[in-house]
Amino acid sequence: MLPLANHYRLKRCVLMTVYFIGAGPGAADLLTLRADALIRRCEVCLYAGSIVPPEVLEHCPEGADVINTARMPLDAIVETIAKADSEGKDVARLQSGDPSLWSALAEQARRLVERNIDYEIVPGVPAFSAAAASLGHELTVPTIGQSVILTRISGRASSMPEGESLPELGSHGATMCIHLAAHDAQRISDELTPSYGADCPVAVVAFASRPNERVLRTALGKLPDDIAAEGITRTAVIIVGQTLAADEFPDSFLYSDDRPRDAHGRTIPCSHD
């Protein structure tokens, strides 16, 4: 049996492929060109329930077998893919956001490798990027914050590894994008306040890029009450960090007049690069 990485690189000469497609945060026009083209030609489409909006599914070709996998066990999903493989049909496996983040891709891919079924990964726009766009913010700001932590909180579905608790990650003071945690705002406030302070800016973006998008701006200490008042309980990204208030901080070195340039105006590499 080939290792997973080798299987991904060494393609078989077959007619069928499973495409793990990042369907983005929801807006159909945020699909990549590659994702759109693949969805439009795949005869089988598996999608992850309500987190993939109907507008995205409208890109499926007429007559395609469109299957909601929200309540399907993993083995049933794999059997559906295997059936398509036996029929020589390409499969579009739609994942919300980008498949590299919290998509349960690994366990699906392992089972496809065991069955010698080819797959490809098609990246998509992640939710935190769509949330930042809705806020009109860059998540990194010179002298304020140059690191971003993408994380979630432990729960019934998945525990966090040692060293990745909110208090431990919060000790770095980096901008933090917390996924899948709108239902546990009190815990976020309690565990991050010692590092960030109760007045630290927080933004909550629910259903980013969709028609029903909702944006809440608050402070860490007020987060539990404000998010409850807004009725936001799911499909949200919670962003915590001082970069959210960075409206009058220094410009980046990238466009600075102090950046050394040659006679043609091209930047000269220096210690800042």
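In this report, helices (H or I, at least four residues) and strands (E, at least two) are DSSP runs, numbered from the N terminus. With that in hand, here is a first stop: Phe207 sits in the loop between E8 and E9. Please keep in mind throughout that this is a predicted model.

## Two loop residues with positive phi

Phe207 has a phi near 55°, a positive value in a residue other than glycine. Leu180 also belongs to a loop, the one between E7 and H8, and its phi is near 55°, again positive in a residue that is not glycine. Is Leu180 buried, partly exposed or exposed? Its relative accessibility is 48%, so Leu180 counts as partly exposed. Phe207, at 15% relative accessibility, counts as buried because that value is under 20%.

A glycine joins this topic too: Gly136 follows H6 and has a positive phi, near 70°.

| Residue | Place | Phi |
|---|---|---|
| Leu180 | loop between E7 and H8 | near 55° |
| Phe207 | loop between E8 and E9 | near 55° |
| Gly136 | follows H6 | near 70° |

## Helix H6 and its strands

Now to the helix that comes before Gly136. Helix H6 covers residues 127-135, and its buried residues are Phe128, Ala130, Ala131, Ala132 and Leu135. Which strands do the buried residues of H6 pack against? They pack against E6 (148-152), E7 (175-179), E8 (201-206), E9 (214-219) and E10 (236-240). Two of the loops met above begin at strands from this list: Leu180 is in the loop between E7 and H8, and Phe207 is in the loop between E8 and E9.

## The aromatic pair

The structure contains one aromatic pair. Its partners are Phe20 and Tyr119, whose ring centres are 5.9 Å apart and whose planes meet at 80°, so the pair is edge-to-face. The cut-off behind that label is an angle over 60 degrees. Where in the chain do the two partners lie? Phe20 is in strand E1 (residues 18-22) and Tyr119 is in strand E5 (residues 119-122), so the pair links parts of the chain that are distant, 99 residues apart. Both partners have little accessible area by the numbers: Phe20 counts as buried at 0% relative accessibility, and Tyr119 counts as buried at 5%.

## Helices H4 and H5

Next comes a pair of helices. H4 (residues 74-86) and H5 (residues 105-114) pack with their axes 11 Å apart, at an angle of about 45°. The two helices are therefore oblique to each other, and H4 passes H5 in a right-handed crossing. On the H4 side of the contact are Leu74, Asp75, Val78 and Ile81, which meet Glu107, Gln108, Arg111 and Leu112 in H5. These contact residues divide into four nonpolar, one polar and three charged.

## Two residues and their contacts

Ala28 lies in the loop between E1 and helix H2 (33-41). Leaving out residues up to four places away in sequence, Ala28 touches Glu55, Val56 and His59. For one of these, Val56, the C-alpha atom is separated from that of Ala28 by 5.0 Å, although the two residues are 28 residues apart along the chain.

Ser189 is in helix H8 (residues 185-196). At 5% relative accessibility, Ser189 counts as buried. Which residues is Ser189 in contact with, leaving aside its neighbours within four places in sequence? The partners of Ser189 are Leu220, Gly221 and Pro224.

Notes
Residues are numbered from 1 along each chain as its sequence is written. This is a predicted model: local features need pLDDT of at least 70, side-chain atom pairs count only at pLDDT 80 or more; totals for chains, interfaces and linings use all residues. Side-chain values use heavy atoms; hydrogens and water are left out. Rings of Phe, Tyr and Trp (its six-membered ring) pair if their centres lie within 6.5 Å; planes under 30 degrees apart count as stacked, over 60 as edge-to-face and the rest as tilted. Buried means under 20% relative accessible area, exposed over 50%, partly exposed in between (1.4 Å probe, protein chains only). Axes are lines fitted to C-alpha atoms, for helices over the stretch in contact, and angles run from 0 to 180 degrees between N-to-C directions. Angles under 35 degrees count as roughly parallel, over 145 as roughly antiparallel, 65 to 115 as roughly perpendicular and the rest as oblique. A crossing is left-handed if the near helix is turned anticlockwise from the far one by less than a right angle, and right-handed if clockwise. Contact means heavy atoms within 4.5 Å. Ala, Val, Leu, Ile, Met, Phe, Trp, Tyr, Cys and Pro count as nonpolar, Asp, Glu, Lys and Arg as charged, and the others, Gly among them, as polar.
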